[in-house]
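Could you walk me through this fold, strand by strand and helix by helix? Let's start with a small detail and work outwards from there.

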Amino acid sequence: MEAALYGPGGFYVRPGGPGPAGHFRTSVHASALYAAAVARLLRWVDAELGHPAELDLVDVGAGRGELLAGVLAALDLGTAARVRPYAVERAERPAGLDPRIRWVAAPPGGTTGLLLANEWLDNVPLEIAEDGHYVLVAPDGTESVGGPLDDADRTWLERWWPDGGRVEIGRARDEAWAAAAGTLERGLAVAVDYAHTRGARPPYGTLTGFRGGREVPPVPDGTCDVTAHVALDSCAGPGSVLLTQREALAALGVSGGRPPLALAGADPVAYVRALSAAGEAAELMDRAGLGAFGWLVQPVGIPAPAWPGAAAA
Ligand SMILES: C[S@@+](CC[C@H](N)C(=O)[O-])C[C@H]1O[C@@H](n2cnc3c(N)ncnc32)[C@H](O)[C@@H]1O
């Protein structure tokens, strides 16, 4: 997975490729309403922090920087002037990106503000196991039985995925998240992803490939995305809460409600615009789609937001 996604010629780092948007649709690509909701969350964090002179916004696994550009566009000028936007990416900086966006290989240390990772952790390579042994995979996708699990992975499974069968060991994601969230000095760290929690782990695992908008076998040959859902509960640090994207976006003021029909007669253009926004909000909040994503919300030195549906992780 590491070589296929990030090695030479890897799926995410191949120069000149279309970027993630060319292969699948994340919330960021689905609608500008998503960036607007993140902008509202940033303003909430800003207020909790007492409106610091510099407000960091760190996007981990930033793709082509689309979310940062959208958040900057959604902010009022006064707040935007204080924001220091960082795109953390393994791919190269795309041409023509807003010059305010700093393109970095790792989250900068000692930040104050909001650190967000949208569909990053599902692309952090992980080990897969069956019956106490690692599953090995050749570049053509052929699987074979590997050696027995080491102690750290066995311990992780006993705590977080004791059901047996084919299991996806989330330890690498826990460590990646702890390292990223650990760079925040004060603020909120938020991971948004396909997620599952203990008691409802997928019995056969979730390893999947995506290419050109279609689901394909997860062959690690660099031609497709290779992804597995995230055990967000095991990633959670102290004080974290977990909720669904549907709940989080509702708390941030996104609504999939249709505009009143009376508006159609009074102001047809506004009606069509509101109807289209309602359709986009419905996609972001769809219980069978993006709305079922998990939001892991981890406060650092400020309280966690008290949103309906948020449960202690
Ligand atoms: C599924 S894409 C998500 C892109 C964007 N956040 C979105 O939601 O549209 C995952 C991105 O994470 C990046 N990535 C994976 N591991 C990374 C790491 N350790 N540091 C920085 N970026 C990473 C990949 O290169 C890829 O662009």
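Which residue in β6 is the bridge partner of Ala129? It's Tyr134. Keep in mind as we go that this is a predicted model.

That pair belongs to β5 and strand β6 (residues 133-137), which pair in the antiparallel sense over two bridges. The two strands make a hairpin with two residues between them, and there Asp131 takes a positive phi near 50 degrees. From β6 the chain carries on to strand β7 (residues 143-148), again paired with β6 in the antiparallel sense, this time over four bridges. Here Val135 has Val145 of β7 as its bridge partner. This is a hairpin too, with five residues between β6 and β7, and Gly141 in the turn has a positive phi of about 95 degrees.

Now go back to strand β5 (residues 127-130) and look at its pairing with strand β8 (residues 166-169): four bridges, in the antiparallel sense. If you want a pair to click on, try Ile128, whose bridge partner in β8 is Glu168.

Next, the eight-stranded sheet. It is open, with mixed pairing, and its strands come in the order β3-β2-β1-β4-β9-β16-β15-β17. At the edges sit β3 (102-104) and β17 (311-312), each of which pairs on one side only. Further in, strand β1 (residues 55-60) and strand β4 (residues 111-118) run parallel and are joined by four bridges. Leu57 has Leu114 in β4 as its bridge partner. Helix α4 (residues 66-74) packs on this sheet, where it touches β1, β2 (83-88) and β4. The direction of α4 makes about 165 degrees with that of β2, so if you count anything over 145 degrees as roughly antiparallel, the helix and the strand fall in that class.

Helix α4 has another partner to look at, namely α3 (residues 32-48). These two helices pack at an angle of about 65 degrees, with their axes 8 Å apart. That angle makes α3 roughly perpendicular to α4. The crossing of α3 past α4 is right-handed. On the α3 side, the contact is made by Tyr34, Ala35, Ala36, Val38, Ala39, Leu42 and Arg43, while α4 brings Leu67, Gly70, Val71 and Ala74. Sorted by type, the residues of this contact of α3 with α4 come out as nine nonpolar, one polar and one charged.

Which strand holds Leu188? It's strand β9 (residues 184-193), one of the strands in the eight-stranded sheet. Is Leu188 buried or exposed? Buried, because its relative accessible area is 0%. Leaving aside neighbours within four places in sequence, Leu188 is in contact with a long list of residues, including Leu41, Trp44 and Val45, then Gly113, Leu114 and Leu115, and also Val297, Gln298, Pro299, Ile302 and Pro305. Leu114 in that list is the residue you met as the bridge partner of Leu57. Leu188 and Leu42 are 146 residues apart in sequence, yet C-alpha to C-alpha they are 8.9 Å apart in space.

Two loop residues are worth a stop as well. Thr26 is in the loop between α1 (2-6) and α2 (27-30). At 6% relative accessibility, Thr26 counts as buried. Beyond its neighbours within four places in sequence, Thr26 is in contact with Asn118 and Glu119. The other stop is Asp286, in the loop between α11 (268-284) and β16 (294-300). With 35% relative accessibility, Asp286 counts as partly exposed. Its contacts, again leaving out neighbours within four places in sequence, are with Gly291 and Ala292. For a sense of scale, Asp286 and Leu97 are 31 Å apart in space, C-alpha to C-alpha, and 189 residues apart in sequence.

Last, there's a sheet of three strands. It is open, has antiparallel pairing and follows the order β12-β11-β13. The edge strands are β12 (214-216) and β13 (225-227), and each pairs on one side only. On average, neighbouring strands of this sheet are turned by 35 degrees against each other, direction ignored. Strand β11 (residues 208-211) pairs with β13 in the antiparallel sense over three bridges. To find that pairing on screen, look for Thr208, which stands opposite Thr227 in β13.

Definitions and conventions:
Residues are numbered from 1 along each chain as its sequence is written. This is a predicted model: local features need pLDDT of at least 70, side-chain atom pairs count only at pLDDT 80 or more; totals for chains, interfaces and linings use all residues. Side-chain values use heavy atoms; hydrogens and water are left out. Two strands pair if DSSP finds at least two bridges between them. Contact means heavy atoms within 4.5 Å. Axes are lines fitted to C-alpha atoms, for helices over the stretch in contact, and angles run from 0 to 180 degrees between N-to-C directions. Angles under 35 degrees count as roughly parallel, over 145 as roughly antiparallel, 65 to 115 as roughly perpendicular and the rest as oblique. A crossing is left-handed if the near helix is turned anticlockwise from the far one by less than a right angle, and right-handed if clockwise. Ala, Val, Leu, Ile, Met, Phe, Trp, Tyr, Cys and Pro count as nonpolar, Asp, Glu, Lys and Arg as charged, and the others, Gly among them, as polar. Buried means under 20% relative accessible area, exposed over 50%, partly exposed in between (1.4 Å probe, protein chains only).
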